[in-house]
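Work through the exercises below with the model open. Try each task before you read its solution.

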Amino acid sequence: MRGLVFLLLLAVSSAKVFERCEWARVLKSHGMDGYQGVSLADWVCLSQWESSYNTRATNTNSNGSTDYGIFQINSYYWCQKSDGSFSHNACNISCNQLLTDDVTAAITCAKRVVRDPNGIRAWMAWISRCENRDLSSYVAGCGV
Ligand SMILES: *[C@@H]1O[C@H](CO)[C@@H](O)[C@H](O)[C@H]1NC(C)=O
Ligand SMILES: *[C@@H]1O[C@H](CO)[C@@H](O)[C@H](O)[C@H]1NC(C)=O
């Protein structure tokens, strides 16, 4: 019984959904403001549209790959799925590490993604929802 309660607590505590300004401050504290020329507002905007700031978001693509976590990072290129399917695993991590409420691994991996030649354009939601838009509302009132 005690073990079950612990597991339930674990499940609840790892389902972290950030509030917009909270997420903006976490990103800033991890050096994301201006990282590879990407503004804090761009990071907040892409997280909003990729995951609604939900660290446990997962989405399976039609080609069998899966996008993981608050940045919806793709398993084919960046992380290893637990089913053992092929991955370039450029972030050198298990995909499940991108789903925890400690976002350190997810941010480290997002930095790796944005260092690639495609940069921020790796994120389809950034292209469709954030590119060439006024993004000031994403960090408004956050004191960042
Ligand atoms: C699989 O689909 C996703 C989402 O459309 C895409 O980002 C990714 O590049 C695709 N992977 C391959 C290997 O085609
Ligand atoms: C990948 O991560 C493992 C630890 O999880 C580490 O031992 C290994 O050196 C890493 N490989 C690279 C290429 O960074």
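The exercises cover the ligand shell, a surface patch, two loop residues and one strand residue.

This is a predicted model, in which local features need pLDDT of at least 70, side-chain atom pairs count only at pLDDT 80 or more, and totals for chains, interfaces and linings use all residues. Residues are numbered from 1 along each chain as its sequence is written, chains are lettered from A and ligands numbered from 1 in the order in which they are written, and side-chain values use heavy atoms, with hydrogens and water left out.

**Exercise 1.** Find the residues around ligand 1 and sort them by character.

Solution. Step one: list the neighbours, counting a residue as near if one of its heavy atoms lies within 4 Å of the ligand. They are N61, N63, S65, Y76 and Y77. The protein buries 53% of the 360 Å² that ligand 1 exposes when taken alone (Shrake-Rupley method, 1.4 Å probe). Step two: sort the shell. Ala, Val, Leu, Ile, Met, Phe, Trp, Tyr, Cys and Pro count as nonpolar, Asp, Glu, Lys and Arg as charged, and the others, Gly among them, as polar. The shell has two nonpolar residues, three polar and no charged.

**Exercise 2.** Locate the polar contacts of ligand 1 with the side chains of N63 and Y77.

Solution. Use the cut-off: a pair of N or O atoms within 3.5 Å. In N63, a side-chain N or O atom is 2.4 Å from an oxygen atom of ligand 1. For Y77, the corresponding distance from a ligand oxygen is 3.1 Å.

**Exercise 3.** Which residues make the nonpolar surface patch of about 340 Å²?

Solution. Select residues with over 30% relative accessible area and no salt bridge (a side-chain nitrogen of Lys or Arg within 4 Å of a carboxyl oxygen of Asp or Glu). Join nonpolar side chains (Val, Leu, Ile, Met, Phe, Trp, Tyr) within 5 Å; like charges are joined within 9 Å. The patch consists of Y76, Y77 and F86. F86 sits in the loop between β3 (73-74) and α4 (104-115). Helices (H or I, at least four residues) and strands (E, at least two) are DSSP runs, numbered from the N terminus.

**Exercise 4.** Are F86, Q36, S52 and D67 buried, partly exposed or exposed?

Solution. Buried means under 20% relative accessible area, exposed over 50%, partly exposed in between (1.4 Å probe, protein chains only). F86 has 54%, so it is exposed. Q36, at 48%, is partly exposed. S52, at 44%, is partly exposed. D67, at 14%, is buried; its place is strand β2 (residues 66-68).

Definitions and conventions: Polar contact = N/O pair within 3.5 Å; in protein donor to acceptor, adjacent residues only side chain to side chain.
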